[in-house]
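Q: Hey, can you walk me through this one? I'm new to it.

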Amino acid sequence: MAREHLGSLVTHPGHVIVGMYYLARRHQMIRLADNIDGTHVADRQLVEQLIRYVDISDSIYPDRYPVLVQQEQVVQESDILFFYTQVHKLQPGFYIAVNHEAKTLMWVIRGTHDIHDLLTDLCGVATPIPGGAAHWGMWRAAGWLLDNHWDRVLGYLQQHPGYNLEIIGHSMGAGVGSLLALRLNTEEAFTQQLGDTKVTCIAIATAACLSSELASAVSPYVTTVVMRYDLVPRFSTGQVEALQRELLAIDYKGLLHEDLLEHELASHEPAGALESFDDSGEAAEVAAAAAAGQFVDVVLYAPGRLLYVRPVDESVEEEQQHFELVDGKGDQRFKRIVLRTSCMTDHFPAAYKAGLTDVLQQITKRQQQRQQQEEQQQQQKEPKKQLA
């Protein structure tokens, strides 16, 4: 990433590791949270659909495909029309499949899996686009997909009249998918080709990829699901700079030395662990884009309608928490990075599936409790009727 746009966060990776450790310890101790307000979701069918979307977004990964497609058949292998695996920088993997029951064509885009995907993720500065700003690397990746594969997708849609297009992705794939949905729903060249065909995006663990105005504007056709303290939907250069200020306010060197002395390990402190470090290996393409003035200083957010898998009780230890689903509609956004124990593991599809499964269980439990209360109230009324 271009240093002039991220700021000199630290001068050595050791600073990041040590400083973030102590900052995370503080966040954990005060149980810091970054929640959104909204309405509680009690729709079992919606939650079940979201669990299926999580599985579909997970099925694109090479290690999960044999389990989810070939064994569990969340997508019928015979329904996969095209699979692109020749991944390069700013060129994500994907597959296109047909869902005859729902009458949709599914464009499933892979999230970060190898170094090429990571380079797309790291190109996280904002670039101006019509109506606001977007994640530079993901905007480029969405453009590449449209330039090189849109004719193929359009051809499949023409082969299946009356079918709609559903874009599904996890992490980087969710961000790229959201930007695809934005372009397909707003650019005249695409809307004319699509006619009455609806284009929506179901985005799991979506990376922060749009400026505030656009993040809200795409809500009619982009739905983002966020699990608890997942770092990625809250992570953009603007949020990193805020975290930098918080990090620099901590005397993490002093805290480190105190811990080392307390454990009688001071003599084992790695030599040069907190010294400067040369990061001259930054991507040349990003540097060239920065020099050309393609970046803007704008905070990016996870886009669309936010469905947040939120802990029912923040005071409970993370491994014992139960969850509820909150619909933030289109006007709620996450505001900061929260460094909690699970902020990395919450990003995995398995965590999303577990969280949503618990939401489903909590809905069932509340329905059963409500039914029992109604039965008890009915039983209490019956003796009064008999006396009358």
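What follows is a chat about the sheet, two helices and some salt bridges.

Q: What kind of model is this, and how are residues numbered?
A: This is a predicted model, where local features need pLDDT of at least 70, side-chain atom pairs count only at pLDDT 80 or more, and totals for chains, interfaces and linings use all residues. Residues are numbered from 1 along each chain as its sequence is written, and side-chain values use heavy atoms, with hydrogens and water left out.

Q: Cool. In what order do the strands of the open sheet run?
A: The order is E1-E11-E10-E9-E8-E7-E4-E3-E2, nine strands with mixed pairing. Strands (E, at least two residues) and helices (H or I, at least four) are DSSP runs numbered from the N terminus, and two strands pair if DSSP finds at least two bridges between them.

Q: Which are the edge strands?
A: Strand E1 (39–40) and strand E2 (80–84), each of which pairs on one side only.

Q: How many bridges join E1 to strand E11?
A: Two, and the strands run antiparallel. Thr39 is opposite Asp327 in E11, while His40 has Val326 as its bridge partner there.

Q: And what about the other neighbour, E10?
A: E10 and E11 are antiparallel too, with five bridges. Leu307 stands opposite Asp327 in E11.

Q: Is E11 mostly covered or mostly open?
A: Mostly covered: five of its five residues are buried, where buried means under 20% relative accessible area, exposed over 50% and partly exposed in between (1.4 Å probe, protein chains only). Phe323, Leu325 and Asp327 point one way, with Glu324 and Val326 pointing the other way.

Q: Switching to helices. Which strands does H3 touch?
A: Helix H3 (residues 44–58) packs on the sheet and touches E3, E4, E7, E8, E9, E10 and E11. Contact here means heavy atoms within 4.5 Å.

Q: What angle does H3 make with E7?
A: About 70° between their directions. Axes are lines fitted to C-alpha atoms, for helices over the stretch in contact, and angles run from 0 to 180 degrees between N-to-C directions.

Q: Which residues of H3 are buried?
A: Among them are Leu46, Val47, Leu50, Ile51, Tyr53 and Val54. Asp58 is on that list as well.

Q: Anything at the start of H3?
A: A side-chain oxygen of Asp43 comes to within 3.0 Å of the backbone nitrogen of Gln45.

Q: Where does helix H6 lie?
A: Helix H6 (residues 136–159) lies across E2, E3, E4 and E7, at about 155° to E4.

Q: New topic: how many salt bridges does the structure hold?
A: Seven. A salt bridge is a side-chain nitrogen of Lys or Arg within 4 Å of a carboxyl oxygen of Asp or Glu.

Q: What does Asp58 pair with?
A: Asp58 meets Arg64 in a salt bridge (2.9 Å, N to O). Asp58 counts as buried because its relative accessibility is 8%, whereas Arg64, at 28%, is partly exposed.

Q: And Arg228, which residue is its partner?
A: Asp346, with the closest N and O atoms 3.0 Å apart. Arg228 sits in the loop between E9 and helix H10 (237–248) and Asp346 in the loop between E11 and helix H13 (349–387), so the pair ties together parts 118 residues apart in sequence.

Q: Are those two buried or exposed?
A: Arg228 counts as buried at 7% relative accessibility, and Asp346 counts as buried at 2%.

Q: Which residue does Arg310 meet in a salt bridge?
A: Glu324, at 3.0 Å, N to O. Arg310 is in strand E10 and Glu324 in strand E11, 14 residues apart, and both are buried.

Notes: A polar contact is a pair of N or O atoms within 3.5 Å; within protein, one must be able to donate a hydrogen and the other to accept it, and residues adjacent in sequence count only if both atoms are side-chain atoms.
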